[in-house]
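Hi everyone, thanks for making time today. Let me put the structure up on the screen, and then we can walk through it together.

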Amino acid sequence: MSESNFEWDEAKNFENQQKHGVSFYEAQYAFLDEHRVIAEDLAHSKQEKRYYCFGLDQEKNGVLTVRFTYRSGCIRIIGAGYWRKGRKIYEQTNSI
């Protein structure tokens, strides 16, 4: 995994681990799934576009939902977790 393509705020990463049990380092794996689903987050932030990546985490065999944006050519991870809604979108899109 090339870490240079991803960035995040360490304080936010720690907070996310405490709240959702997922590190932003782990969240990168969702982007490796060739069947991942990328969707624009229309409900948040008007300053910059935000997106969701729904992708399978092979190690935990679950669908990760990763909230992110693009900044300076990098994917900046904002939040991540295993959420039912993300799994549902992933499964509907991939007809599982």
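Let's start with how far to trust what you see. This is a predicted model, and the protein averages a pLDDT of 90, with 94% of the residues scoring at least 70. Confidence is highest in α1, at a mean of 97, and lowest in α3, at 93. A general reminder for anyone who works with such models: where pLDDT is low, the predicted coordinates should not be read in detail.

Now, the sheet. Please look for an open sheet of five strands, in the order β1-β5-β4-β3-β2, with mixed pairing. The edge strands are β1, residues 6–7, and β2, and each of them pairs on one side only. Helix α3, residues 84–94, packs on the sheet and touches β2, β3 and β4. The direction of α3 makes about 75 degrees with that of β3. As background, strands of a sheet pair through backbone hydrogen bonds, either parallel or antiparallel.

Let me stay with β3 for a while. How many of the seven residues of strand β3 are buried? Five are, so β3, residues 51–57, is largely enclosed by the rest of the structure. With β2, residues 37–40, strand β3 pairs in the antiparallel sense over four bridges. With β4, residues 62–71, β3 also pairs in the antiparallel sense, over seven bridges.

You can follow those bridges residue by residue. Starting in β2, A39 has Y52 in β3 as its bridge partner, and Y52 in turn has R67 in β4 as a bridge partner. Further along, G55 stands opposite L64 in β4. The hairpin of β3 and β4 has four residues between the strands, and N61 takes a positive phi near 55 degrees there.

Next, a residue that the biochemists among us may like: D57, which is found in strand β3. Is D57 buried or exposed? Its relative accessible area is 4%, and the cut-off for buried is under 20%, so D57 counts as buried. The side chain of D57 makes a polar contact with the side chain of Y82, at 2.6 Å. Leaving aside neighbours within four places in sequence, D57 is in contact with G62, L64 and Y82.

Across in β4, have a look at V66. V66 has a relative accessibility of 0%, so it counts as buried too. From C-alpha to C-alpha, V66 and Y52 are 5.4 Å apart in space, while in sequence they are 14 residues apart. Beyond its neighbours within four places in sequence, V66 has contacts that include A27, A30 and F31, as well as Y51, Y52 and C53. I77, G79 and A80 are also among the contacts of V66.

On to strand β5, residues 74–81, where we find R76. An arginine that counts as buried may catch your eye: R76 has 18% relative accessibility, and the limit is under 20%, so it falls in the buried class. Which side chain does the side chain of R76 meet in a polar contact? That of E7, at 3.5 Å. Apart from neighbours within four places in sequence, R76 is in contact with E7, W8 and D9, and with R67, F68, T69 and R71.

D9 brings us to the helices. D9 caps the N-terminal end of α1, residues 10–20, with a side-chain oxygen 3.0 Å from the backbone nitrogen of A11. Just after α1, G21 takes a positive phi of about 70 degrees.

A word on the cysteines, in case you were wondering. The structure holds zero disulfides. C53 is in no disulfide, and the nearest cysteine sulfur, that of C74, is 16 Å away. C53 is buried at a relative accessible area of 0%, and C74 is buried at 13%.

Let me finish with S95, in the segment after α3. S95 has 66% relative accessibility, so this one counts as exposed. The C-alpha atoms of S95 and V22 are separated by 26 Å, and the two residues lie 73 residues apart along the chain.

That's my tour. Thanks for listening, and I'm happy to go back to any part of it.

Conventions: Residues are numbered from 1 along each chain as its sequence is written. This is a predicted model: local features need pLDDT of at least 70, side-chain atom pairs count only at pLDDT 80 or more; totals for chains, interfaces and linings use all residues. Side-chain values use heavy atoms; hydrogens and water are left out. A polar contact is a pair of N or O atoms within 3.5 Å; within protein, one must be able to donate a hydrogen and the other to accept it, and residues adjacent in sequence count only if both atoms are side-chain atoms. Helices (H or I, at least four residues) and strands (E, at least two) are DSSP runs, numbered from the N terminus. Buried means under 20% relative accessible area, exposed over 50%, partly exposed in between (1.4 Å probe, protein chains only). Two strands pair if DSSP finds at least two bridges between them. Contact means heavy atoms within 4.5 Å. Axes are lines fitted to C-alpha atoms, for helices over the stretch in contact, and angles run from 0 to 180 degrees between N-to-C directions. pLDDT is the predictor's confidence in each residue, from 0 to 100. A disulfide is a pair of cysteine sulfur atoms within 2.5 Å.
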